[in-house]
Amino acid sequence: MKFAGKMIALVAVLLALSLAIGGYSVVSSALRADLQAATNSAQEDMKLFGLTLQALCLREQPNQLLSDQRADEQLRTVLRHSAVLQTYSYRITNAKGALVASTRGIHIEDEPPAEGIVETRLVQEKQAYYLCTRQRLSILDRSYLLERSIEITPVFDRARQNLRTYELVMLLILVVGTAITTGLTLVLTSPIRRISRTSKELAAGRYDKRAQVKSQDELGAMARDFNAMADALQSKIEALRESAQRQKEFTASFAHELKTPLTSVIGYADTLRSRALPPERQFEAANYIFTEGKRLEAMSFALLDLFALDKKEPERTLCRTEDLAKAAAQSAAYMLQQSGVQLETKVQPGTIQAAKELFVSLLFNLIDNARKASEPGQRITLSGEAVENGYCFRVRDRGRGIPPEALARITEPFYMVDKSRSRAQGGAGLGLTLCQRIAALHGAQLEIESREGQGTTVTIELKGDQA
Amino acid sequence: MIKILIVEDEKPIADLIDWNLSAMGYQCEKVYDGLAGADLIEENCYDLVLLDIMLPGADGYELLQQLRPTGTPVIFITAKGSVEDRVQGLRAGADDYLVKPFEIVELVARVESVLRRAGKAQERYAVGDVVVDPKAMLVTKNGRPVTLTHKEYELLLLFLRNPNIALFRDTIYQRVWETDLETDSRTVDLHVQRLRRKLGWSDRLKAIYKVGYRLEVEK
């Protein structure tokens, strides 16, 4: 059963119960009061009747003793002649239990009350209610039992009437009350339903859905918490998706980059073993196998480096920036000489927290990239300077530059601006990816500025590491 | 002569395909990027186009859309080898799909099969006094029919389609029997010997020591 349903049922039951109890108690107390009044008046009446009878008999009394029979006669005469008494209904029996006089009315059989007590009793006969009063009274020196009965059915009728009216009113209140409760409950529980609907949508994968609840109460707070949870969930899932997407792209590029040289190696080897080729073709085929094999080698080394970086956080120690720059310059010296490119080093003394070998390899890679972009005779500058709260390395060349549309993608794995050129230089398209990872390990980013035909500057700013 | 266009941005692979198809007597043209490929397709008419999918300029699918109205058969040659990629390629209208890395024999077989389906292949092979009509599945020597088993016939076709090429035992087994060769199986040798006997080809079907066989054909 839904919460709203429970709420409505509960309120309806409580309402009905309280109305019933309240209604019956009101009706019955009214009835009780009516009965009490009727009883009082019946008793008064009875007393009056008795006193009147006594007084009239006394007046008629001849100062002599009468026989029982005469006394009864006397009483009957008094009753017959008194205009007042004739309006009463009554039943009078003498001490022996014989009926002396009677008008209509009902009679109670059991033991009469003692003298001086006016007894009142409610009697139901068929559909009618009677209030019977009895008293033993001494008249003409004899004891008589006076009985009277008054029909009070209207009192009960009125009570029944009241009850019926009350039932109607109760029904009306119940219906209206339930309707109001239903409305209120629906309004109050609508935030819950909205949250529930939203969570279903979230579960179905629509992670941008939010519960629209404006109220300031606990439900509003719950909706806000729920939305905060959904925000966290959404950003987490987007991050996961992005990472999965990156992984997928990486795998696809990797497969492509692996299969392309493999195709050449296998294809040329297959051709060489199957076909008699002229000597210059043989040389060409062997050369292709060699260069494509080298390409595979370069790629596997770069990949191994990348995977090693992912495996564990390297240990960082305090390094002198001049030493780092010097080590990188030394590694690059041979290639630079071969390409006829000059390296100029302007590194201010300083210390940084760095994983030494990785950082040297980062600088070396950047110098090597600069070399590849440069023409013979051009100059590359490796500079380093202390900046506010950190240290900044910069590698600058005056070479070919990077086209603006390629700049954003340059650190993607396997991305190459000029495939054939890059291949010819033994590139696998992983150098800058590696550099960026190393920089990220040092809490820094590669900032690449480039203008086509004018050169490229790569900046790495290390924060808070300066001693 | 059958003209084939190769659109492949990797020069080594383009050269590899060119060498091998040229040796089979096809006339090949190579182009290394999509836009140049589109220009060539616009200007010339080819019997078959071999397309790489990831191309600079315009990718293989775009070139395929350009080619479809001309009815020129197309084979995708690509590193993308997943089932979805193949299905996507074939749905797009390619006639065949060759995944890198591939073997030369497979490349040749697929080129021939696509050309055959397009009705552009060589109708019959004639080597010396032996004539083979693949359409009729008929082999004659001096005009008289020769009876061959199914595997012998497949083996003969494989040699005819790769003349003057050393076919390795494992390759032969893979292409004719379509499973991998068991190490000391003599099946291939026995079939080659029967072909030699039935066709009188003891000189033409040269054994290559420890490796396989080659069909020698005068150029």
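This passage describes a sheet and its covering helices in chain A and one helix of chain B. The structure is a predicted model, in which local features need pLDDT of at least 70 and side-chain atom pairs count only at pLDDT 80 or more, while totals for chains, interfaces and linings use all residues. Residues are numbered from 1 along each chain as its sequence is written, and chains are lettered from A and ligands numbered from 1 in the order in which they are written.

In chain A, five strands (DSSP runs of E, at least two residues, numbered from the N terminus) form an open sheet in the order E2-E1-E5-E4-E3, with antiparallel pairing, where pairing requires at least two DSSP bridges between two strands. Strands E2 (99–102) and E3 (118–125) of chain A are the edge strands, each pairing on one side only. Within the sheet, strand E4 (residues 128–139) and strand E5 (residues 142–151) of chain A run antiparallel and are joined by 10 bridges, and Tyr130(A) of this region stands opposite Glu151(A) in E5(A).

Helix H1 (residues 3–60) of chain A (helices being DSSP runs of H or I, at least four residues) lies across E3, E4 and E5 of chain A, at about 35° to E4(A); such angles run from 0 to 180 degrees between N-to-C directions of axes fitted to C-alpha atoms, for helices over the stretch in contact, contact meaning C-beta atoms, placed from the backbone, within 7 Å.

In chain B, helix H3 (residues 60–67) has Gly60(B), Leu63(B) and Leu67(B) as its buried residues (20 or more other C-beta atoms within 10 Å of the residue's own). These residues fall within an arc of 65° seen down the axis of H3(B), so they line one face of the helix, the arc being that of the directions from the helix axis to the C-beta atoms.

Notes
Two residues are in contact if their C-beta atoms, placed from the backbone, lie within 7 Å. A residue is buried if 20 or more other C-beta atoms lie within 10 Å of its own, exposed if 12 or fewer, and partly exposed in between; C-beta atoms are placed from the backbone.
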